[in-house]
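Here is a short, friendly tour to read alongside the model. Keep the viewer open and turn to each region as it comes up.

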Amino acid sequence: MLVGLVRPGVFRHITCRNSVYPRSNVTRYPVPDKFVFWTVNYEGYSPPCYTAGHIGGQSWADEPLPSEKNQPHWNHNDDIVNRVSFHGEYQIKDGLPQNPIGRTGLCGRGLLGRWGPNHAADPIVTRWKRDDKAEFVWHKTSGKKILQMVAIQRSDNKLWAIPGGMVDPGENVSVTLKREFTEEALNFADKGNMVEQFFKEGGVHVYSGYVDDFRNTDNAWMETTALNFHDEEGTKVGQLQLNAGDDATNVRWTDVDANLKLHANHADILQEVVAMRNAHW
Ligand code: RP5
C-alpha cells in the first residue's frame with residue numbers, strides 16, 4: 001500500500017520543500033531529507049513566515065494569528081471547521097499547529113486558509129480504455145486492461161490532477177466530491193440525473209490523509225479523502241462530454257500508467273485504484 005506509507009516519521013514530503021513558495025517570491029528555508037522530521041534536531045532552522053495577503057478576511061480563512069482569547073479548537077471538529085488530522089493528534093508549538101509530516105522551510109499559512117489541516121476531497125472517476133468497437137484495450141506488455149481517469153489541468157501550477165477541491169465548512173465529503181467534479185470537469189453543465197445517480201451509487205474509499213501539496217507550510221497543510229467512482233461498462237459518466245471549468249484550464253480522459261505525472265502525490269493515490277482494479281500500471 002503505497003499511500004499507506006504517508007505516515008509521520010516514515011514519509012518525507014518533497015513538493016513543499018526547497019522551492020520558491022507559489023505566487024510569491026519567498027524562498028523556503030532549505031530542508032534536506034535528513035532534517036524533515038521534527039524529531040531530528042536541525043540547528044539554526046529559521047524558516048521565513050509568509051501568509052498571502054489576499055486570504056485575510058475571506059470567509060474560508062482563519063484569523064491572521066490565533067490569540068489567547070481566540071484559540072481555534074485544535075484537533076477538534078466543531079462542525080464548522082474540521083481541525084482533526086487523519087494522522088492523529090498534531091502538536092501545538094508556540095501557539096500554532098505543527099505539520100505532522102515535518103519541516104517545509106516556511107511558517108505561516110502561505111496560500112492556505114486554515115491553520116492546521118485544510119481538508120479536501122478527490123473524486124477519482126475511471127473507466128476502461130476501449131477501441132472503436134467498444135472492446136477492451138489490453139496492454140501489450142502487462143496483458144492487463146488499461147484504466148482511464150478524468151484528469152484536470154490545474155490553472156495554478158499547470159499540472160494534471162484529480163479534480164478535487166476544498167471541503168466547505170460543515171459540508172459532507174460526498175457533496176464535495178460531486179460538486180468538485182461537476183465544477184471542474186463538466187463546467188457546471190447540466191448533465192441531468194445520470195451524474196447525480198452515478199455519484200449516489202457511491203464510490204470506493206481509496207485514501208484519507210496528508211497530501212504532499214506545494215502550498216503546505218510548517219503550520220498549515222492539505223489533507224484529503226479520495227474515492228474511486230468507476231464506470232465499469234463505460235455507459236454512464238464514461239460517455240460524458242468533458243468541459244473544463246472553475247480553476248481547471250483543461251480536462252480529459254487520461255490513460256493511467258506509471259509514467260503519469262500528477263500534481264502533489266496524486267499518482268500514489270491513483271496507484272491504489274490501479275491495484276484494486278488489477279489494471280495496467
Ligand atoms: C490537493 O489540492 C488536493 O488533493 C485537491 O486535489 C486539491 C484541493 O485544492 P484546490 O484544487 O481547491 O486548490 O492538495
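Is Cys 16 buried or exposed? Cys 16 is buried, because its relative accessible area is 0%; buried means under 20% relative accessible area, exposed over 50%, and partly exposed in between, with a 1.4 Å probe and protein chains only.

## About the model

This is a predicted model, in which local features need pLDDT of at least 70 and side-chain atom pairs count only at pLDDT 80 or more, while totals for chains, interfaces and linings use all residues. Residues are numbered from 1 along each chain as its sequence is written, and side-chain values use heavy atoms, with hydrogens and water left out.

## Cysteines

A search of the whole structure turns up 1 disulfide (a pair of cysteine sulfur atoms within 2.5 Å). Its partners are Cys 49 and Cys 107, with sulfur atoms 1.8 Å apart. The link is left-handed, at -85° about the S-S bond. It ties together distant parts of the chain, 58 residues apart: Cys 49 belongs to strand β1 (residues 49-51) and Cys 107 to strand β4 (residues 107-110). Strands here are DSSP runs of E with at least two residues, helices are runs of H or I with at least four, and both are numbered from the N terminus.

The two ends of the bond sit in contrasting surroundings: Cys 49 is exposed, because its relative accessible area is 60%, whereas Cys 107 is buried, at 13%. Why does Cys 16 form no bond with Cys 107? The sulfur of Cys 107 is the closest cysteine sulfur to that of Cys 16, but it is 14 Å away, which is too far for a bond.

## Strand β6 and its partners

In strand β6 (residues 147-154), 8 of 8 residues are buried. In a regular strand the side chains alternate between the two faces of the sheet. Here both faces are covered, with Leu 147, Met 149, Ala 151 and Gln 153 on one side and Gln 148, Val 150, Ile 152 and Arg 154 on the other.

Strands pair if DSSP finds at least two bridges between them. β6 runs antiparallel to strand β5 (residues 116-128), joined by 3 bridges, and Thr 126 stands opposite Met 149. With strand β11 (residues 248-255), β6 pairs in the antiparallel sense over 7 bridges; there Arg 154 faces Ala 248. Strand β7 (residues 160-161) is also antiparallel to β6, over 2 bridges, with Ala 161 as the bridge partner of Ile 152. β6 and β7 form a hairpin with 5 residues between them, and Lys 158 in the turn has a positive phi of about 65°.

## Aromatic rings

The structure holds 12 aromatic pairs (rings of Phe, Tyr and Trp, the last by its six-membered ring, with centres within 6.5 Å; planes under 30 degrees apart count as stacked, over 60 as edge-to-face and the rest as tilted). Among them, Tyr 42 and Tyr 45 are stacked, 5.4 Å centre to centre with 25° between the planes, and both are buried. Phe 198 and Phe 199 pair edge-to-face, at 5.8 Å and 90°. Tyr 42 and Tyr 45 also belong to one aromatic cluster with Tyr 29, Phe 35 and Trp 38.

Charges sit over rings too (NZ of Lys or CZ of Arg within 6 Å of the ring centre and within 35 degrees of the ring normal). Arg 127 lies over the face of Trp 253, 4.1 Å from the ring centre, and the charged end of Arg 252 is over the ring of Trp 160, 3.8 Å from its centre.
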